[in-house]
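Colleague: I'd like a close look at one part of this model, please. Pick a charged side chain, stay with it for a bit, and then walk me outward to whatever else is worth seeing.

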Amino acid sequence: MISISQQPCARASIELAILARERGAKVVAITDSPAAPISFEADYVLLGPNRSPLFFESYVGTTVLIEALIGFFTIGQSSHVVERIERIEADRMRLNEYWKNKKA
């Protein structure tokens, strides 16, 4: 399970991580601090910076970590997984799911 939690930490993220571990799952936490509560419930902790000049924290670092995890997971899979991803993308194109406004 991948659990994302930044200050202020959502109670549900921590409780779900505890439940997942009780059921035998490995928990990967993506958080902004090694001292975050989710860190103590995780098997693996990835730190994503969240500092921003704006009022709210940034999720850019977290998003990069998620994309890297998905990429590494996909690379390690059989060719069937890659073929499945390609079929999903072809279905999206067929169903015209993407915005195609030429003005933008």
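Modeller: Let's take Arg92, bearing in mind that this is a predicted model. With a relative accessibility of 35%, Arg92 counts as partly exposed, because the buried class needs a value under 20% and the exposed class one over 50%. Which side chains does Arg92 meet in salt bridges? One is Glu89, where the closest N and O atoms are 3.9 Å apart. Another is Glu97, again at 3.9 Å from N to O. Arg92 and Glu89 both sit in helix α3, which covers residues 79-94, and they are 3 residues apart, so about one helical turn separates them. The two acidic partners can be placed on the accessibility scale as well: Glu89 is partly exposed at 33%, and Glu97 is partly exposed with a relative accessible area of 48%. Since Arg92 is shared, Glu89, Arg92 and Glu97 are joined by their salt bridges into one network.

While you're in that region, have a look at Asn96. This residue lies in the segment after α3, and its phi is near 60°, a positive value in a residue that isn't glycine.

Now, the structure holds 4 salt bridges, and there's another worth following. Arg21 pairs with Asp43, with the closest N and O atoms 3.8 Å apart. This one ties together distant parts of the chain: Arg21 belongs to helix α1, Asp43 to the loop between β2 and β3, and their positions lie 22 residues apart. Buried or exposed, what would you call these two? Neither word fits: Arg21 is partly exposed at 35% relative accessibility, and Asp43 is partly exposed at 30%.

The loop between β2 and β3 also holds Glu41. Glu41 has a relative accessible area of 24%, so it goes down as partly exposed. Setting aside neighbours within four places in sequence, Glu41 is in contact with Ile14, Ala17, Ile18, Arg21 and Val27. So the arginine of that salt bridge with Asp43 turns up again here, as a contact of Glu41. Glu41 and Val28 are 13 residues apart in sequence, with a C-alpha to C-alpha distance of 9.1 Å.

Ile14, from that contact list, makes a good way into the interior. Apart from neighbours within four places, Ile14 is in contact with Cys9, Pro37, Ile38 and Glu41. Which residues form the largest nonpolar core? It has 8 members: Ile14, Ala17, Ala20, Val27, Ala29, Ala36, Ile38 and Ala42. Helix α1, residues 11-22, gives the largest share of this core, 3 residues. As background, nonpolar side chains in soluble globular proteins tend to be buried together.

Next, the sheet. What is the strand order? This open sheet of 3 strands runs β1-β2-β3, with parallel pairing. β1 (2-5) and β3 (44-47) are the edge strands, and each pairs on one side only. On average, neighbouring strands are turned by 20° against each other, ignoring direction. β2, residues 28-31, pairs with β3 in the parallel sense over 4 bridges, and β1 with β2 likewise in the parallel sense over 4 bridges. Val28 is a handy place to check both pairings: its bridge partner in β3 is Tyr44, while Ile2 stands opposite Val28 on the β1 side.

β1 has two faces to compare. Ser3 and Ser5 are on its covered face, whereas Ile2 and Ile4 are on the uncovered one. As for the helices around the sheet, α2 (residues 60-75) lies across β1, β2 and β3 and runs at about 155° to β2. Helix α1 has its own place in the layout: together with β1 and β2 it makes a right-handed β-α-β unit.

One last stop is the loop between β1 and α1, where you'll find Pro8. The peptide bond joining Gln7 and Pro8 is cis, with omega at about -5°.

Conventions
Residues numbered from 1 in each chain as written. Predicted model: local features only at pLDDT ≥ 70, side-chain atom pairs only at ≥ 80, totals over all residues. Heavy atoms only, no water. Pairing = 2+ DSSP bridges. Axes fitted to C-alpha atoms, helices over the stretch in contact; angles between N-to-C directions. Contact = heavy atoms within 4.5 Å. Core = buried A, V, L, I, M, F, W, Y, C linked by side-chain atoms within 4.5 Å. Buried < 20%, exposed > 50% of the residue type's maximum accessible area, 1.4 Å probe, protein only. Right-handed = clockwise from strand over helix to strand, strands pointing away.
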